[in-house]
Amino acid sequence: MFSVQLSLGEQTWESEGSSIKKAQQAVANKALTESTLPKPVQKPPKSNVNNNPGSITPTVELNGLAMKRGEPAIYRPLDPKPFPNYRANYNFRGMYNQ
């Protein structure tokens, strides 16, 4: 599991994913929905034969928003969280009919 922290201006978000890219996508999506920063006015889409509306990922959208604001979107990998202290119980007495 990978953990990523995103800082944009004074706000920060954290998220996890099975890969760095998935963690970045998750934290960018979280920032887009939870951000209190003003969003730019949406321009009408250009008519393009190869236009694929689902091709823009949350990181691309967030980085574009940050560039328009003149602020960098900073992604930092976080240290992995320690595993809980797990001790296996190998006492199988009474578990099987002998």
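Which residues in H1 meet which residues in H2? Let's work up to that with a quick tour; keep in mind that this is a predicted model.

**Start with the whole chain.** Show it as a cartoon and you'll find 2 helices and 3 strands. Trace the chain along the sequence and the order reads β-β-α-α-β. Now colour by accessibility: of the 98 residues, 22% count as buried. If you turn on contacts with a separation of 6 or more, 53% of them come from residues 24 or more positions apart.

**Next, select the two helices.** Pick residues 20-34 for H1 and residues 58-69 for H2. Their axes lie 8 Å apart, and the helices pack at an angle of about 50 degrees. H1 is therefore oblique to H2. Look at the handedness too: H1 and H2 make a left-handed crossing.

**Now zoom in on where they touch.** Here's the answer to the opening question. On the H1 side, select Gln-24, Gln-25, Ala-28, Asn-29, Ala-31 and Leu-32; they meet Pro-58, Thr-59, Glu-61, Leu-62 and Leu-65 on the H2 side. Colour this contact by residue type and you get 6 nonpolar, 4 polar and 1 charged.

**Last stop: the salt bridge.** Select Arg-69 and Glu-71 and show their side chains. These two form a salt bridge, with the closest N and O atoms 2.9 Å apart. A search of the whole structure turns up 1 salt bridge, so there's no need to hunt for another. Are its partners buried or exposed? Neither, quite: Glu-71 is partly exposed at 21% relative accessible area, and Arg-69 is partly exposed as well, at 32%.

Conventions. Residues numbered from 1 in each chain as written. Predicted model: local features only at pLDDT ≥ 70, side-chain atom pairs only at ≥ 80, totals over all residues. Heavy atoms only, no water. Salt bridge = Lys/Arg side-chain N within 4 Å of Asp/Glu carboxyl O. Buried < 20%, exposed > 50% of the residue type's maximum accessible area, 1.4 Å probe, protein only. Axes fitted to C-alpha atoms, helices over the stretch in contact; angles between N-to-C directions. Helix = DSSP H or I, 4+ residues; strand = E, 2+ residues; numbered from the N terminus. Parallel < 35°, antiparallel > 145°, perpendicular 65-115°, else oblique. Left-handed = near helix turned anticlockwise from the far one by under 90°. Contact = heavy atoms within 4.5 Å. Nonpolar A, V, L, I, M, F, W, Y, C, P; charged D, E, K, R; others polar.
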